[in-house]
Structures are given as C-alpha cells and as structure tokens.
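Reader: I am new to this structure and would like to find my way around it. Could you take me through it, one question at a time?

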Amino acid sequence: MAEDFINDLGQVLNISASRGKKAKHATNDENSNTLNMDDFLLLMVTQLQNQSIDNATDTSDMLNQMVQVSVIEAINNISNLIGDSTTMTYAASLVGKNVVVGQYIDNKLVEKEGIVKGTGTLNGQQVIFLEDDSCFYLTDIMAVGKLPADKENIKPENDKTEEDKTEDDKDTEKDKVDQV
C-alpha cells in the first residue's frame with residue numbers, strides 16, 4: 001500500500017517509478033545551483049522509492065527538511081516582494097516630478113525631458129509615463145529635476161581645478177586642513 005502511494009506521488013510529480021531513468025525536472029529553471037520545493041519533493045520521492053528494508057528512510061527527518069525548505073522559500077518570496085514594493089514606491093514618488101530620460105536610437109543617445117504623469121509595469125518591469133503619454137522604463141531615467149542648459153562645463157564640486165575654485169572654496173579647504 002505504501003508503495004502504491006509513492007508511485008502515485010511519483011506520477012503526480014512526473015517522476016518515473018523505474019530505476020535508472022532520469023527525472024524530467026532535475027533542477028529548477030531559475031538557477032541551477034539552487035533547489036526549490038519541487039526539486040526537494042523530487043529527491044524525497046526518489047529516496048522513498050529506492051529505500052530498502054534494512055535502510056528505511058526516517059520520515060521525521062524528511063518532514064523537518066520539508067519545513068526548512070518551506071521556510072527558506074517563504075523568506076525568498078518575502079524578500080522579492082519587498083524589493084518589488086521598493087521599486088514601485090520609488091516610481092510612485094516620481095509622479096509630478098520633472099525627469100530626463102535617455103534612449104539610444106540608431107546608436108545615438110536621445111534625451112527627453114518631461115513631467116511624470118503616472119507609473120506602471122510593462123513586461124514585468126517598472127515604467128513611467130510622461131505627460132505626452134510616452135512610456136519609458138525606470139532604468140531609462142538619467143536625472144530627476146531640471147538639468148542646467150550647458151551640460152558640457154559642469155563639474156562636481158570635488159572635481160574643480162585650482163582655476164575653477166573661488167576664494168570661498170579655497171578658504172573652506174584651508175579651514176578643513178587647519179581642523180585636522
């Protein structure tokens with residue numbers, strides 16, 4: 001009777017009951033270095049099918065392992081949900097803000113500026129909609145806010161050359177050195 005149950009379980013999981021044949025799904029599709037619950041059940045059924053009378057499988061160990069795998073899967077699912085909600089929250093925070101998006105068209109970077117009208121998902125990725133109903137992936141955003149007109153001559157504060165620095169900048173640097 002137990003053998004019938006295991007064979008039925010094997011059929012449900014698409015496992016061959018005969019020895020020497022490979023399972024249809026030996027590893028999951030996401031990452032060949034990890035096991036999911038399906039992989040664990042596949043291993044458990046194979047172990048049950050191949051046990052002998054002198055070397056019977058301990059069901060309490062299997063149950064403990066199954067609980068551990070379930071907990072790990074639940075933690076992974078929660079982690080993925082938190083990551084997704086963080087991205088969605090960031091995208092939602094952009095509504096009403098001015099953004100600059102860039103896309104490569106014919107190997108040339110084309111920039112477009114506009115106010116974010118809304119957000120959503122497209123093909124599993126977060127997108128923004130500008131006021132002219134154009135749609136861009138969140139990863140296309142180059143800047144949030146209004147950029148200065150002359151982008152060529154802009155340097156971050158720490159990249160200024162000695163000629164670029166004002167007297168105030170030089171005094172501030174001197175004060176920092178004096179404090180040390």
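Reader: Which residues is N98 in contact with, leaving aside its neighbours within four places in sequence?

Author: Keep in mind that this is a predicted model. N98 is found in strand β1, which covers residues 98-105. Leaving aside neighbours within four places in sequence, the contacts of N98 are E113, G114, I115, V144, G145 and K146.

Reader: With the side chain of which residue does the side chain of N98 make a polar contact?

Author: Let's start from the contacts of N98, which include G114, I115 and one more residue of interest here. Side chain to side chain, the polar contact of N98 spans 2.8 Å, and the partner is E113.

Reader: In what order do the elements of the chain run from the N terminus on?

Author: The chain has four helices and five strands to place. Starting at the N terminus, the order is α-α-α-β-β-β-β-β-α.

Reader: How many bridges join β2 and β3, and how many residues lie between them in their hairpin?

Author: Strand β2 takes in residues 108-122 and strand β3 residues 125-130, and they pair in the antiparallel sense over six bridges. Within this pairing, T121 stands opposite Q126 in β3. In the turn of the hairpin, N123 has a positive phi of about 55°. The number of residues between β2 and β3 is two.

Reader: What is the bridge partner of I128 in β4?

Author: β3 also pairs with strand β4, residues 135-137, in the antiparallel sense over three bridges. The hairpin of β3 and β4 has four residues between the strands, and D133 there takes a positive phi near 65°. Across to β4, the bridge partner of I128 is F136.

Reader: Is Y137 buried, partly exposed or exposed?

Author: Y137 lies in strand β4. Not counting residues up to four places away in sequence, Y137 touches L122, N123, Q125, Q126 and V127. Buried would mean under 20% relative accessible area and exposed over 50%. Because the relative accessible area of Y137 is 27%, Y137 is partly exposed.

Reader: How far apart in space are Y137 and G102, C-alpha to C-alpha?

Author: In sequence, Y137 and G102 are 35 residues apart. In space, their C-alpha to C-alpha distance is 9.9 Å.

Reader: Which residues make up the largest nonpolar core?

Author: This core has ten residues, and I128 and F136, the bridge partners from before, are among them. The ten are A91, L94, V99, V101, V116, I128, L130, F136, L138 and I141. Strands β1 and β3 each supply at least two residues of this core. Apart from it lies another core of six residues, among them M37, F40, M44 and V69.

Reader: What is A91 in contact with, leaving aside its neighbours within four places in sequence?

Author: A91 belongs to the largest nonpolar core, as does L138. Leaving aside neighbours within four places in sequence, A91 is in contact with T119, Q126 and L138.

Reader: What share of the residues of the chain count as buried?

Author: The accessible surface of the chain comes to about 13,900 Å², and 52% of it belongs to carbon and sulfur atoms. Among contacts with a separation of 6 or more, residues 24 or more positions apart account for 42%. Of the 180 residues, the share that count as buried is 21%.

Reader: Over which residues is the pLDDT below 50?

Author: The average pLDDT of the chain is 75, and 64% of the residues score at least 70. One stretch has 23 contacts in the model beyond near neighbours in sequence, yet its pLDDT is below 50. Where pLDDT is low, the predicted coordinates should not be read in detail. The stretch in question is residues 15-28.

Definitions and conventions. Residues are numbered from 1 along each chain as its sequence is written. This is a predicted model: local features need pLDDT of at least 70, side-chain atom pairs count only at pLDDT 80 or more; totals for chains, interfaces and linings use all residues. Side-chain values use heavy atoms; hydrogens and water are left out. Two strands pair if DSSP finds at least two bridges between them. pLDDT is the predictor's confidence in each residue, from 0 to 100. Contact means heavy atoms within 4.5 Å. Buried means under 20% relative accessible area, exposed over 50%, partly exposed in between (1.4 Å probe, protein chains only). Accessible areas come from the Shrake-Rupley method with a 1.4 Å probe; for residues, only the protein chains shown count as cover. A polar contact is a pair of N or O atoms within 3.5 Å; within protein, one must be able to donate a hydrogen and the other to accept it, and residues adjacent in sequence count only if both atoms are side-chain atoms. A nonpolar core is a set of buried Ala, Val, Leu, Ile, Met, Phe, Trp, Tyr and Cys residues joined through side-chain atoms within 4.5 Å.
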